[in-house]
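Here are my notes on the model you sent round. Please read them with the structure open.

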Amino acid sequence: MAFVSSKRIEAIVDMAENCRTIADIGTDHGFISKRLLEEGKTENIIATDISAPSLRKAENLLRDSVFSCRIVFRVGNGLQVISPGEADGIVIAGMGGQLILKILGASPEVVGKADWMIISPQKNIYDVRRMLPDLGLHIEKERIVEEDRRFYDHMFIRNGASEPYSEEELLTGRLSLTEDRDAFMKMAAHRIRSLERILKKVTDGDDRISVARELSIWKKVYTEE
Ligand SMILES: C[S@@+](CC[C@H](N)C(=O)[O-])C[C@H]1O[C@@H](n2cnc3c(N)ncnc32)[C@H](O)[C@@H]1O
């Protein structure tokens, strides 16, 4: 597969802090690993995937490159193929929020020894914000990236507690931690439009109440800005 970067990937690379070893969990094609190495964000990468055929794509991309001696490839589930202290940075992108929470929750020793993590849940973002404190983690910053008419939410997280999130903040994120306000506002406007469309179609009373409530929260952050 030919190498392709993207705004989504570049934002992850940009958010990564310089470190010794990054674990790229669910690397698939290996594009994030390649860009992290190219940008000098890390000395070494451990690129993992639960699927051997997926990992082979990353191996094909990087095995014979100038980075070959700085990357190792491991097949396995989540962080179970990483030893505690082995990775100071962890990237988990392109998966659902529940799966990301499961991966983090299953390996507390690895998570506890990491300096930072970047997660990019593709759905269930509310649940991710709600559950991170239970895993002893907090969001330090968030960045919304728009690509191909989709919005991606990258979260830079660390070990340690944070102020509890309000119900509104669980839904929209905490505005003070949002790095690109313009992208955030574009996403808020998009969310408002789609909730308004949904509201016109929903007939069930309880569903209407919850959609209307969500809509009013998004309108509030949009107009307060
Ligand atoms: C959509 S790709 C994302 C690739 C890359 N991380 C990105 O964001 O561009 C998701 C990858 O995660 C892998 N994956 C799914 N569940 C996993 C798990 N529990 N542990 C490791 N990898 C997993 C899949 O095999 C797939 O290659």
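The points below go from the overall build to the sheet, the ligand shell and the domains.

1. Status and overall build. This is a predicted model. The protein has 9 helices and 7 strands. Its C-alpha trace spans about 60 × 35 × 30 Å along the principal axes. The radius of gyration is 18 Å; a compact globule of 225 residues would come out near 17 Å, so the two agree.

2. The sheet. In what order do the strands of the open sheet lie? The order is β3-β2-β1-β4-β5-β7-β6, 7 strands with mixed pairing. The edges are β3, residues 71-75, and β6, residues 137-147. Each of these edge strands pairs on one side only. Ignoring direction, neighbouring strands of the sheet are turned by 20° against each other on average.

3. The parallel pair β1 and β4. Strand β1 covers residues 19-25 and strand β4 covers residues 89-95. The two run parallel and are joined by 4 bridges. For a position to look at on screen, take Ile25, which stands opposite Ile92 in β4.

4. The antiparallel side, β5 to β7. Strands β5 and β7 run antiparallel, with 3 bridges between them. Here Ile118 has Phe156 in β7 as its bridge partner. Strand β5 spans 116-121, and β7 spans 150-159.

5. The β6-β7 hairpin. How many bridges join β6 to β7? There are 10, and the strands run antiparallel. Two pairs are worth finding in the viewer. His138 is bridged to Arg158 in β7. Glu146 is bridged to Phe151, also in β7. The hairpin has 2 residues between its strands. Asp148 takes a positive phi there, near 50°.

6. Helices across the sheet. Helix α1, residues 7-15, lies across β4, β5, β6 and β7. Its direction is at about 150° to β6. Helix α4, residues 97-106, lies across β1, β4 and β5. Helix α4 runs at about 150° to β4. Strands β4 and β5 are thus crossed by α1 and also by α4.

7. The ligand shell. Which residues come closest to the ligand? They are Gly26, Asp28, Ser54, Ala93 and Gly94, out of 18 residues that surround the ligand. At least two shell residues each come from α2 (31-38), β2 (42-49), β4 and α4. Strand β4 gives the most, with 3 residues. By class, the shell has 8 nonpolar, 8 polar and 2 charged residues. Strand β4 therefore deserves a mention twice: it is bridged to β1, and it is the top contributor to the ligand shell.

8. Two domains. The protein is divided into domain 1, residues 7-163, and domain 2, residues 180-225. Their C-alpha centres lie 30 Å apart. The contact takes 5 residues from domain 1 and 6 residues from domain 2. Which strand supplies the largest share of the domain 1 side? It is β6, with 4 residues. The domain 1 side divides into 3 nonpolar, no polar and 2 charged residues.

9. Where to look again. Strand β6 comes up in several points. It is an edge strand of the sheet. It is joined to β7 by 10 bridges. It is crossed by helix α1. It also gives the largest share of the domain 1 side that touches domain 2.

Technical notes:
Residues numbered from 1 in each chain as written. Predicted model: local features only at pLDDT ≥ 70, side-chain atom pairs only at ≥ 80, totals over all residues. Pairing = 2+ DSSP bridges. Axes fitted to C-alpha atoms, helices over the stretch in contact; angles between N-to-C directions. Contact = placed C-beta atoms within 7 Å. Near = placed C-beta within 6 Å. Nonpolar A, V, L, I, M, F, W, Y, C, P; charged D, E, K, R; others polar. Domains from an automatic or database assignment. Rg over C-alpha atoms; globule rule 2.2 N^0.38 Å.
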